[in-house]
Amino acid sequence: MLSAAGYAQSVVTGKLIDQTESVPVAYGSVALYLEKDSSLVSGAVSDETGTFRIENIQAGTYYLSAHFMGYATKTVSSVRLSGNQALDIGVVAMQADQQLLEEIEVTGEKVTTMHKVDRQVFEAEKFRTGKGGNAIDVMKNLPSVAVNANGEITARGSSGFSVLINGKPVQSDPTTILGQLPANAVQNIELITAPSAKYDPEGKAGIINIITTRGATEGTFLQVNAKLGFPSIEDYDNAEPARRYGFDFTLNHRTPKWDLSLGASYIRNDISGRREGDVATVVNDTIHRFPSDGERSFDETNYSGSFTAAFTPNQSDRYSLGFYGGKRSKDRTADILYYDNHAIYEGQRVYTMQYYNENLRIRTSDFALGSFDYSHQFEDKSNLSASILYEYTLLGGPTTNRNLGWPDTSFVYQDEYNTNDNPLHGVRFQVDYRLKPISWGQIEMGYQFRNLDHTGDFLYQRQNNQTGIWELVPEFSSNVDLHRMIHSGYGQLSGGQNRWSYSAGIRLESMDRELGLQDKAGTVDTTYHYDFVKLYPSASIQYELRENLKLKTAYSKRVERTTTFKMNPFPEREHSETLEQGDPQLLPEFIDLVEAGVIKDINNHSFYLTGYYRYVKNLVNRVNTVYNDTILNRIYSNVGDARSIGFELGGELKLTEWWDAFVGANVYNYKIDGSFDGFPIDSESWVYSINAHTTFTLPDNWSIQGTLNYLSKRITAQGEDSRFFSPNLTISKSFMNDRMGATLQWLNMDMGLWEANEQRITTSRPDDFYTTTNYVYEVDMIMLNLRYNLLNGTRNKAKFIKSEFGEKEF
């Protein structure tokens, strides 16, 4: 009996919270030591709610030590255990490290990057060249993210990723949503490259979660921002000058039970530019060539507003209601002179002509999202949560295409007009249940329903030069109707033992897709069906060798679903020389990702290295075919499979008290293997990108930051995209104890010394076509941004160490 009592096992539980904000401290390390000799007995890692559980402890007297990056170590002494005892030590309140708080008061420094078990968290305020812009201007500074000359976003070389706003998914185009979210409203950006089964598997590059700004202490918080762009230094002979200005504000009021947020923004952000192109086609042994040069500029206007109300009546229940809406208009002017349009047959010119193409494409996007969330925590620490989201987006806008004489532009060769209305209705319902903690960790399960209805009415007209009447072009006019319904359920185990943190889960998904197509002539009425049932497993492990050295590895299976635009087989006229169309039987891309990495802190410096392998089945690329002698047809098609093998690395360096630097790089080998239109595709190349900035903190609250974004050339299914880079300089000054600030930006620095902010895209096929286009966008842009903060008379001293703010707001 004495022997059995001596080996009786006890359990210690508790919860880590932030002492200032009273919110959970997730993934904090908790260790239990013998009081008599300070020997380590056991330990655990807190879960997302801050709860920890240490099991299999013999009777005795111990002390408990809790620590997490950015917090002072918290010690709980005299933890006495008898046999078979379940001891709940209650709340362990952790306080932000005072030394770090003193640094934030003196120098204004914040941590750029935080590495958590399943994600990297980036502090948006550190990327100062994004101020006054939108969320894309902040994201392009992340180590694995690149933005090319046309504004296309890629993560680890892939353009497919899912976007969350405060943990809520959006069903419309990610670039559209991010382009409407002001940079000043972004607090943190979370990059989740290998998401767990808990998350929707959408997005082959993973998930980007945008955490928006709000107050973090009780009281009222107000932030107001304004930006003004100076006149263009280089206008590229564009017809209209670029205009850049904007305004946004965020208002937040918090009490012990209520959290109310209101925000709005207006941004006008025009970009001047031009394009240089050359196209050649081979039709019936005749070479047709049409080089061109002219204006390519953008006039962009964004409005957006958001409101959130969260109510916490007690410690068990939380309600949240959110709305987010906006309007966006982006006008692309492409007025191009085709200065040497000619044909060659058997070495002789058949004809030579010049003409002027006046092309204006207007794209509009109006969207509104609403969500309601509820969560309840039971007495046994289990949790039930439910959410419903509705999204409405109206896409559309006309394109005018006029081929005119040159130099006499009063002569009209061809005048065409096409427009479309694309309303989208999306519904998402989700319920999640987290069981009470067990010895292995935390078990979670849930169900999700998603429904998407997306219709399109495409109308194409051409003016009859004889009668002046606009006539329907039926082969380019259509009605499109997409319905997609998804049911999915998941189960996941996550937890930690001693220095180990782990997560494993599986998601089962059933998808049904129906695409209806009709042409305006009434000759086509077809419905395409596609469905599947698929499993998406995931797993991740992290091991803490020492307090400043961690190893991690993960696996995730993902899917990239096809959009309605990419499945519409009816051509749409984009330029004088270009049609675009989709494939109604386009298959989704399925992705397998494996990664492994190491995180190392050395004194005031932090470094990380992650290797990864990604395999993509049913790769979708935009490829070209010859439509006629002077028009190419761009088609979205499954061109085969692709694989990427690479690594990303980064470092945060504190070089002196007044000088720090952040460097991130992504290097990978990319290979495409497949075929299109009877032609084999076998392309392979090395690709790399570099995002870096260095900051000098000067006396009297002055600072200077230099930034470089570089993307190397990379292959496509039929060619390559050239390198692209953008250097920037920012000078900042804060006033009134950091309540007010001014930032002067010099964007896309060039001064005629190098070819910044331009990119050449080239595709070809032997004895069929060749096309190359160099997009030259505005350089040496000067912007002034002003900021005013009010936070109830006090600074939020603990904000800089927070990577998540916990509220599910919109």
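This is a short guided tour of the structure, stop by stop, with something to select at each one.

**Before you start**

Keep in mind that you are looking at a predicted model. Show the whole chain as a cartoon to begin with: four helices and 47 strands are there to be found. Of its 810 residues, 54% count as buried. If you switch on a surface, you are looking at about 34,000 Å² of exposed area, with 56% of it supplied by carbon and sulfur atoms. For a feel of how the fold is connected, consider the contacts in the chain with a separation of 6 or more: residues 24 or more positions apart account for 67% of them.

**Stop 1: a four-strand sheet**

Select residues 40-45, which is strand E3, and 74-81, which is strand E6. These two belong to an open sheet of four strands, in the order E3-E2-E5-E6, with antiparallel pairing. E3 and E6 stand at the edges with a single partner strand each, so one side of each is left without a neighbour in the sheet. Look along the sheet and you can follow the twist, which averages 20° from one strand to the next.

Now add residues 60-67, strand E5, which pairs with E6 in the antiparallel sense over six bridges. To see one of the partnerships, pick Gly60 and look across to Leu81 in E6.

**Stop 2: Gly43 on the edge strand**

Stay in strand E3 and select Gly43. Is Gly43 buried or exposed? Gly43 counts as buried, because its relative accessibility is 6% and the cut-off for buried is under 20%.

What is Gly43 in contact with, leaving aside its neighbours within four places in sequence? The list is Val30, Ala31, Ile54, Gln497 and Asn498. Try a distance label too: from the C-alpha of Gly43 to that of Ser29 the gap is 7.5 Å, with their positions 14 residues apart in sequence.

**Stop 3: Asp237, a positive phi**

Next, select Asp237, in the loop between strand E16 (219-229) and strand E17 (244-254). Before looking at the backbone angle, recall that most residues other than glycine have a negative phi. Asp237 has a positive phi of about 60°, although it is not a glycine. Asp237 is also exposed, with a relative accessible area of 74%.

**Stop 4: the nonpolar patch**

Colour the surface by residue type and select Leu251, Trp258, Leu260, Leu262, Phe307, Tyr319, Leu321, Phe323, Phe372, Ile388, Phe429 and Tyr447. Together they make a nonpolar surface patch of about 990 Å². Which strands each supply at least two residues of the patch? They include strand E18 (258-269) and strand E22 (317-345).

For a single member, zoom in on Leu260, which sits in strand E18. Leu260 counts as partly exposed because its relative accessibility is 31%.

**Stop 5: strand E19 and its partners**

Select residues 273-283, which is strand E19, together with 769-777, strand E46. The two pair in the antiparallel sense over nine bridges, and Gly273 has Tyr777 of E46 as its bridge partner.

Then bring in strand E21 (residues 292-311), which pairs with E19 in the antiparallel sense over four bridges. Here Arg274 is matched with Glu295 in E21.

Strand E20 (residues 286-289) is also joined to E19 by four bridges and runs antiparallel to it. Pick Thr281 and you will find His288 of E20 opposite. Follow the backbone round the hairpin of E19 and E20: there are two residues between the strands, and Asn284 takes a positive phi near 55°.

**Stop 6: a cis peptide bond**

Move on to Trp406 and Pro407 and show the backbone atoms. Most peptide bonds are trans. The bond from Trp406 to Pro407 is cis, with omega near 5°. Pro407 lies in the loop between strand E25 (399-405) and strand E26 (412-434).

**Stop 7: Asp700**

Finish in the loop between strand E39 (679-698) and strand E40 (702-711), where you will find Asp700. Which sign does the phi of Asp700 have? Positive, at about 60°, although Asp700 is not a glycine. With 58% relative accessibility, Asp700 counts as exposed.

Notes: Residues numbered from 1 in each chain as written. Predicted model: local features only at pLDDT ≥ 70, side-chain atom pairs only at ≥ 80, totals over all residues. Heavy atoms only, no water. Patch = residues over 30% accessible without salt bridge, like charges linked within 9 Å, V, L, I, M, F, W, Y side chains within 5 Å. Areas by Shrake-Rupley, 256 points an atom, 1.4 Å probe, with all protein chains shown as cover. Salt bridge = Lys/Arg side-chain N within 4 Å of Asp/Glu carboxyl O. Buried < 20%, exposed > 50% of the residue type's maximum accessible area, 1.4 Å probe, protein only. Pairing = 2+ DSSP bridges. Axes fitted to C-alpha atoms, helices over the stretch in contact; angles between N-to-C directions. Contact = heavy atoms within 4.5 Å.
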